[in-house]
Each structure stands twice: as structure tokens, then as C-alpha cells.
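Biologist: I would like to go through this model with you. Can we keep the answers short?

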Amino acid sequence: MIGKIPKPGKSFGGCIEYNILKKDAAILYADGVRIDKIAHTIDDFKMQRKMNPGLGQAVGHIALSWSPEDKEKLNDEKMVSIAKEYLQKMKIQDTQVLIVKHKDRAHPHIHIVYNRVNNNGKTIADNFQHLKNIKISKELTLKHGMHIGQGKQKVNRPQLKGIDKLKYELHDTIKAASKKVSNMVQLKHELAKQGIGMQFKYKSGTLEIQGISFSKGKYKFKGSEIDRSLSYGKLSKAIQEQVQQQQTQAKPATLADQLRQVIDERQGKEPTIIHKEPQTSFLQEALQLFEQLPGGITPEPDDAYRRKKRKGEEQDQSHGISR
């Protein structure tokens with residue numbers, strides 16, 4: 001299950017009409033509002049809002065979505081039950097709530113409209129909602145045995161529209177660019193070539209980087225808002241690990257590695273593939289010593305060596321020298 005939370009709105013009319021008038025939409029649950037007519041539903045939300053006129057953005061809206069793999073596990077009652085549990089954990093309580101099911105996507109999903117002015121006229125806080133949403137969505141997914149998605153790879157991108165489409169485009173571009181660079185400054189320049197801005201958030205009065213955001217056109221998102229892997233900490237760590245891995249793979253062979261390769265070659269074994277480096281004078285001397293060691297390290301004499309040895313023996317015999 002994934003929860004999506006847009007920014008709080010100002011118009012109950014627009015939000016409720018969007019949800020109820022959607023093709024094949026069905027109201028699954030309502031608390032504190034009439035649902036016989038759309039006008040009555042809107043009026044009830046507006047009436048309670050007047051208890052706290054200073055709160056401009058009183059319209060709370062949340063979409064809860066499940067994987068297509070969960071269709072067989074879900075019915076209307078189950079979705080409402082999970083939605084109530086979700087709201088309770090999100091501290092969205094004692095207020096008007098409307099839950100509507102939509103069928104315009106392949107995956108099961110519902111929309112929750114709630115009044116940020118509660119039944120006592122108090123404001124329901126929305127700070128840290130996005131972080132709580134991620135934690136609670138995962139918690140409820142595990143609790144109810146629902147399918148856990150494998151990242152963004154399986155998302156049907158052609159069906160995405162608007163902000164969602166832009167976020168996924170940014171995600172893919174940033175991920176691809178991060179594979180080509182060795183630090184965050186290079187990443188910033190690489191993204192700029194593709195029309196994407198990258199801004200750092202600094203700790204007040206210092207040069208310590210606390211966060212990162214990305215922008216394209218008039219839209220700007222925190223890295224973690226696009227994907228958790230694009231927060232400053234996780235993205236910079238991924239680039240550092242990538243650089244370290246490349247350095248390890250390109251690390252020159254040690255003296256022991258070079259000696260081992262030469263010995264393997266001279267014993268007729270398949271040589272170990274290592275990074276070629278010029279042989280040092282010390283290595284050359286060591287190899288000469290190895291050639292003099294017993295145990296089959298020195299290769300079998302070739303024909304030229306045998307002819308030279310035979311010629312020497314014949315010369316010794318002509319001079320009366322025996323070997």
C-alpha cells in the first residue's frame with residue numbers, strides 16, 4: 001500500500017466534486033457529512049470549517065493505493081477498515097471524513113477527503129505527514145500481508161500524468177546521471193545540461209549541506225519527495241561507493257600478484273588475469289631468483305638450449321674433459 005498526500009487545499013467543492021463525479025466512483029464511507037446529494041456533502045464540510053475561519057487550507061486529501069496483486073485480497077469493507085486504521089495512526093481523528101473508491105486505474109485505490117478543522121474547531125496538524133505516511137503505509141502493508149512493490153521499475157510510466165509523470169522522469173534522469181559522475185558538483189553540472197536544476201540546503205549559518213532539491217520548469221521537489229534514494233545523504237553515499245568500487249577494480253596488481261602470474265605461466269597453468277604494470281627492477285631480480293629454484297618452476301629447455309648444451313659437451317670431449 002502506498003499513500004499519496006497532496007498539499008492541503010482551499011476548496012471543498014472542487015475536491016469533493018472531483019472524487020464523487022469521477023466515472024464509476026463509489027462512496028464507501030462517510031462520517032459527519034450527508035451523502036444523499038453532493039451539495040449537502042459540500043455544505044456540511046463548509047459548515048464545520050467555519051468553526052476555525054483562520055485556517056485557509058482546511059481541505060485534507062489522501063489517496064491510498066494497493067498493488068494489482070492485492071485485488072483478490074481486497075473488498076470495499078477491507079479497504080475502509082485499512083483506511084480507518086491509517087487515519088488513526090496518522091492522528092487524523094474526530095473530524096469529518098469521506099472515503100471514495102475509484103476504478104480508473106488497474107490497481108485498487110481510494111480517496112480520503114477530511115476536514116482539517118476537527119469536531120471541536122481545532123486544527124489537525126499536517127507537519128511531518130509525508131514521513132509518517134511512508135512509515136505507516138509500510139507498516140500496514142506488512143501487517144495485512146499486502147504486496148510490497150520492488151521500487152519504481154514496475155510502474156507503468158505511459159499511464160502517468162502531470163506531477164507524477166514529471167517525478168518519474170526526474171527520478172530516471174537523476175539516477176542515470178549519477179552513474180556518470182564522481183561527486184555531487186559534477187552531478188549538478190550533468191543535470192544542468194538536461195534542463196534540471198539542483199540546489200543544496202545548508203544548515204543555518206554554515207556550509208554544512210542538510211538537504212537537496214531538484215527543479216524543472218516551474219516545479220521543484222525535495223530529493224526524498226521524488227524517491228527516498230534521492231535524498232542528499234543516500235545519493236551522495238551511492239556516488240561515493242560507486243567511485244570506491246571503480247578505484248578497487250582499477251587497482252594495480254601487487255608484486256605478489258605479478259609473481260604469481262609469471263609462475264603460473266611458466267608452469268603451464270592458465271594465467272590469472274591481472275592489471276598489467278611495468279616490472280620493477282626488484283621484480284626482475286625476484287623473477288631471476290625464481291628461475292633458479294627447484295620444483296618445476298624453470299620451464300623445460302627448448303631446442304636451442306639443448307643444441308647449445310650438446311655442442312658444449314662435444315667441445316669438452318674433444319679436449320678430454322668428461323662431465
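Modeller: First, a definition: buried means under 20% relative accessible area, exposed over 50%, and partly exposed in between, with a 1.4 Å probe and protein chains only. The model is predicted, so local features need pLDDT of at least 70, side-chain atom pairs count only at pLDDT 80 or more, and totals for chains, interfaces and linings use all residues. Residues are numbered from 1 along each chain as its sequence is written, and side-chain values use heavy atoms, with hydrogens and water left out.

Biologist: Is Phe128 buried or exposed?

Modeller: Phe128 lies in the loop between strand S5 (109-115) and helix H4 (129-143). Helices (H or I, at least four residues) and strands (E, at least two) are DSSP runs, numbered from the N terminus. Phe128 has a positive phi of about 60 degrees, although it is not a glycine. Its relative accessible area is 59%, so Phe128 is exposed.

Biologist: What is the relative accessible area of Asp94?

Modeller: Asp94 sits in the loop between helix H3 (76-89) and strand S4 (97-102). Asp94 is not a glycine, yet it has a positive phi of about 50 degrees. Asp94 is exposed, and its relative accessible area is 55%.

Biologist: Which word describes how H3 lies to H4?

Modeller: The axes of H3 and H4 come within 10 Å and cross at roughly 140 degrees. Axes are lines fitted to C-alpha atoms, for helices over the stretch in contact, and angles run from 0 to 180 degrees between N-to-C directions. Under 35 degrees counts as roughly parallel, over 145 as roughly antiparallel, 65 to 115 as roughly perpendicular, and the rest as oblique. The crossing angle therefore makes H3 to H4 oblique.

Biologist: Which residues in H4 does H3 meet?

Modeller: Contact means heavy atoms within 4.5 Å. From H3 come Ile82, Glu85, Tyr86 and Lys89. In H4 they meet Asn133, Ile136, Ser137, Glu139, Leu140 and Lys143.

Biologist: Which element gives the most to the largest nonpolar core?

Modeller: A nonpolar core is a set of buried Ala, Val, Leu, Ile, Met, Phe, Trp, Tyr and Cys residues joined through side-chain atoms within 4.5 Å. Of the 22 residues in the largest one, Ile62, Leu64, Trp66, Tyr86 and Ile112 touch the most other members. Strand S3 (59-65), H3, S4, S5 and H4 each supply at least two residues of this core. With five residues, the element that gives the most is H3.
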